[in-house]
Amino acid sequence: MAFRHVVLLRWADDVPDDHVEQVRAGLDALPSQIPQIRSFQHGSDVGVSEGNYDYVLIADFDNVGDWRVFRAHPAYVLLMEEHITGKVQDRAAIQYQTPADRDPYEFSHARMQEFLAEIDELG
């Protein structure tokens, strides 16, 4: 089984837009510094639904041990200390296992559009 880490962030009110760009650049650099990362995606909410979090990170690893290496890696720890700690109003996270024998991003575009429409209908 593969291991997925998902984090949602809501920035503090006083965090400027250029700070978010610094976070983006710092996150972009992590996969080249931490070989345990298998897949890494992140980005800002596009603002189509009220009440969403501001930023998401989705990272895949071979196992929980590799995730723990990632969390303890100096590049990750520094990024957290400089750009996340004290800059977040709210955070949500989950780690879960995905089947190793299928692409975790295999969810079709058509099904994703249906899913998003269902969410919008719920409010």
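The exercises below, each with a worked solution, walk through the sheet, the helices and the aromatic pairs of a predicted model.

**Exercise 1. The sheet**

Work out in what order the strands of the open sheet are arranged, and which strands are the edge strands.

Solution. Begin with the strand order, which is E2-E3-E1-E4 in an open sheet of four strands with antiparallel pairing. Strands of a sheet pair through backbone hydrogen bonds, either parallel or antiparallel. Next, look for strands that pair on one side only, and these are E2 and strand E4 (88-98), the edge strands. On average, neighbouring strands of this sheet are turned by 10° against each other, direction ignored. Finally, take the pairing of E1 with strand E3 (residues 55-61), where seven bridges join the two antiparallel strands, and where Phe3 stands opposite Phe61 in E3.

**Exercise 2. Helices on the sheet**

Determine which strands helix H1 touches, and which strands H2 lies across.

Solution. Helix H1 (residues 17-33) packs on the sheet and touches E1, E2 and E3, while its direction makes about 175° with that of E2. H2, in turn, lies across E1, E2, E3 and E4, and runs at about 40° to E1. One residue of helix H1 can then be followed outwards, namely His19, which counts as buried because its relative accessibility is 7%, below the 20% limit for that class. If neighbours within four places in sequence are left aside, His19 is in contact with Glu82, His83 and Lys87.

**Exercise 3. Aromatic pairs**

Classify the ring pair of Phe3 and Trp67 and that of Phe40 and Phe70, and state where in the chain the partners lie.

Solution. A search of the whole structure finds five aromatic pairs, and two of them are treated here. For Phe3 and Trp67, the centres are 5.6 Å apart with 50° between the planes, and this pair is tilted. Phe3 belongs to strand E1 (residues 2-11) and Trp67 to helix H2 (residues 64-72), so the pair ties together parts that are 64 residues apart in sequence. Both Phe3 and Trp67 are buried.

For Phe40 and Phe70, the ring centres are 6.4 Å apart and the planes stand at 65°, so this pair is edge-to-face, given that planes over 60 degrees apart fall in that class. Phe40 sits in strand E2 (residues 39-44) and Phe70 in helix H2, 30 residues apart, and the pair therefore links distant parts of the chain. Phe40 is buried with a relative accessible area of 15%, and Phe70 is buried with a value of 0%. As a last step, note that ring pairs link Phe40, Phe61, Phe70 and Tyr76 into a cluster. A ring can also lie beneath a charge, as with Tyr53, where the charged end of Arg10 sits over the ring, 4.1 Å from its centre.

**Exercise 4. The faces of helix H3**

Identify the buried residues of helix H3 (residues 74-84), and explain why they line one face of the helix.

Solution. The buried residues of H3 are Ala75, Tyr76, Leu79, His83 and Ile84. Viewed down the helix axis, they fall within an arc of 100°, so they line one face of H3. An α-helix has 3.6 residues a turn, so residues three or four places apart point the same way. Pro74 and Glu81, by comparison, are exposed on the other side of H3. The cover over the buried residues includes E1, H1, H2 and E4. After H3 comes Gly86, whose phi is positive, near 85°.

Methods
Residues are numbered from 1 along each chain as its sequence is written. This is a predicted model: local features need pLDDT of at least 70, side-chain atom pairs count only at pLDDT 80 or more; totals for chains, interfaces and linings use all residues. Side-chain values use heavy atoms; hydrogens and water are left out. Rings of Phe, Tyr and Trp (its six-membered ring) pair if their centres lie within 6.5 Å; planes under 30 degrees apart count as stacked, over 60 as edge-to-face and the rest as tilted. Buried means under 20% relative accessible area, exposed over 50%, partly exposed in between (1.4 Å probe, protein chains only). A charge sits over a ring if NZ of Lys or CZ of Arg is within 6 Å of the ring centre and within 35 degrees of the ring normal. Two strands pair if DSSP finds at least two bridges between them. Axes are lines fitted to C-alpha atoms, for helices over the stretch in contact, and angles run from 0 to 180 degrees between N-to-C directions. Contact means heavy atoms within 4.5 Å. The arc is that of the directions from the helix axis to the C-beta atoms.
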